[in-house]
Amino acid sequence: MALLIAVSGWDSESWTSRFEALLPGHDVRSHPETTGNPADIRYLLAWKPDGELLRSLTGLEVIFSLGAGVDHLLKHPDLPDVPIVRIVDPDLTMRMSEWVVLQVLLHHRKHRLYHAQQQQRLWKGHDQPAASAVRVGILGLGVLGADAATALARLGFQVAGWSRSPKAIPGIQSYSGTQGLEEMLQRTDILVNLLPLTGETTGLIDYKLLSRLSTDGRRHPNCDAPVLINAGRGGSQVETDIVRALDDGTLAACSLDVFEHEPLPAPAPLWTHPKAYVTPHIAADSDPESLSRYVAARIRAHEAGEGLINVVDRTAGY
Ligand code: NDP
Ligand code: OXD
């Protein structure tokens, strides 16, 4: 039973030895060094695989996306018609919630202002609203959105979330549909994006959307503009619109982990914008050990005749 690891940007040798230990008796191969007949490969573990490789795997049974997002796979025109299992892992979820909570608190507790004051040796406090006065709206209330929402609600923020289907998460206000999006934006001081990249979410976060966020000044008395935080996918945001919104005061600030083009090109104004926090797509860096255990467990379950879980809905695109 052959398994192929095709991971760009990761050290494939360490992945190979991990799977040899976790799945004894399997023929573990690594792309592009692989030998043997590609038609024998039943499982593909992939992060951004090339299209040519996908065409050659005629005996494939399951593709495992080594990420929670599957846009890197679904864009391939020659994607074999087999189930795609994505990563749902407590380690990844916790890392994302850490990043989201960190960014919300950086803005809420005026980190940049106090950092600047420290450079000037300036001892000066500013009004600080309670978290309970601040309304966070999360685009996407799936595995990651729901966990981040719950963590923020635990800190006292008023949290709402938007998803395709309505949700019942204790302490979180749920919105869905076009009207739901409108309503959530109007009550949002800090907008967090944790949507997958699909046809429907591409370019969603544009100037028009940002202009619909709350401006009633509840976030804090000296700043009546909202904040954007994005760790979903860069393809959901229009970066020229974000820069425009930061410059004209439509947005007070932003935190971005994902970009239309990654790595973010050196001349991009977001790198040096005084109102932007930029991180290099590390919000929820996956732990290879944890991911390997998850995939190996899914393969064992599949071979024992159990159904696959966390299978991507190709029609919905996530
Ligand atoms: P899930 O599939 O669990 O959740 C996706 C959520 O988005 C669901 O609530 C879904 O609604 C909602 N959604 C999808 N399309 C729409 C739409 N058109 N309108 C409204 N709601 C929509 O995914 P995860 O939470 O596990 O991951 C989310 C994304 O986070 C990934 O796809 C990936 O792009 C990104 N990510 C980023 C990382 C980073 O390091 N920056 C790391 C890991 C993931 P419903 O519940 O009704 O289906
Ligand atoms: C993912 C990611 O989708 O790291 O898991 O972006």
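A polar contact is a pair of N or O atoms within 3.5 Å. The structure described here is a predicted model, and its two ligands are treated in turn, followed by one pair of helices.

Ligand 1 has 29 residues around it, of which Arg 86, Ser 165, Lys 167, Glu 200 and Tyr 318 come nearest. By class, this shell divides into 15 nonpolar, 8 polar and 6 charged residues. Several elements of secondary structure contribute to the shell: helix H4 (90-108), helix H6 (143-154) and strand S7 (158-163) each supply at least two of its residues.

Contacts to oxygen atoms of ligand 1 come from both backbone and side-chain atoms. In the side chain of Arg 233, an N or O atom is 3.3 Å from an oxygen atom of ligand 1; this pair counts as a polar contact because the cut-off is 3.5 Å. On the backbone side, a polar atom of Val 143 is 2.9 Å from an oxygen atom of the ligand, and a backbone N or O atom of Gly 142 lies 3.0 Å from an oxygen atom of ligand 1. Taken alone, ligand 1 exposes 930 Å², and the protein buries 91% of that area.

Ligand 2 is surrounded by Trp 47, Gly 67, Ala 68, Gly 69, Arg 233 and His 281. Its shell consists of 2 nonpolar, 3 polar and 1 charged residues. Arg 233 thus appears again: an N or O atom in its side chain is 2.7 Å from an oxygen atom of ligand 2. The side chain of His 281 also takes part, with an N or O atom 2.6 Å from an oxygen atom of ligand 2. For Ala 68 the atom concerned belongs to the backbone, where an N or O atom lies 2.7 Å from an oxygen atom of the ligand. On its own, ligand 2 has 210 Å² of accessible area, and the protein covers 85% of this.

The contacts of Arg 233 can be set side by side. Its side chain places an N or O atom 3.3 Å from an oxygen atom of ligand 1, and an N or O atom 2.7 Å from an oxygen atom of ligand 2.

Turning to the helices, H1 comprises residues 12-22 and H10 residues 288-303. Their axes come within 10 Å and cross at roughly 40 degrees, which means that H1 is oblique to H10. The crossing in which H1 passes H10 is right-handed.

Technical notes. Residues are numbered from 1 along each chain as its sequence is written. Chains are lettered from A and ligands numbered from 1 in the order in which they are written. This is a predicted model: local features need pLDDT of at least 70, side-chain atom pairs count only at pLDDT 80 or more; totals for chains, interfaces and linings use all residues. Side-chain values use heavy atoms; hydrogens and water are left out. A residue is near a molecule or strand if one of its heavy atoms lies within 4 Å of it. A polar contact is a pair of N or O atoms within 3.5 Å; within protein, one must be able to donate a hydrogen and the other to accept it, and residues adjacent in sequence count only if both atoms are side-chain atoms. Accessible areas come from the Shrake-Rupley method with a 1.4 Å probe; for residues, only the protein chains shown count as cover. Ala, Val, Leu, Ile, Met, Phe, Trp, Tyr, Cys and Pro count as nonpolar, Asp, Glu, Lys and Arg as charged, and the others, Gly among them, as polar. Axes are lines fitted to C-alpha atoms, for helices over the stretch in contact, and angles run from 0 to 180 degrees between N-to-C directions. Helices (H or I, at least four residues) and strands (E, at least two) are DSSP runs, numbered from the N terminus. Angles under 35 degrees count as roughly parallel, over 145 as roughly antiparallel, 65 to 115 as roughly perpendicular and the rest as oblique. A crossing is left-handed if the near helix is turned anticlockwise from the far one by less than a right angle, and right-handed if clockwise.
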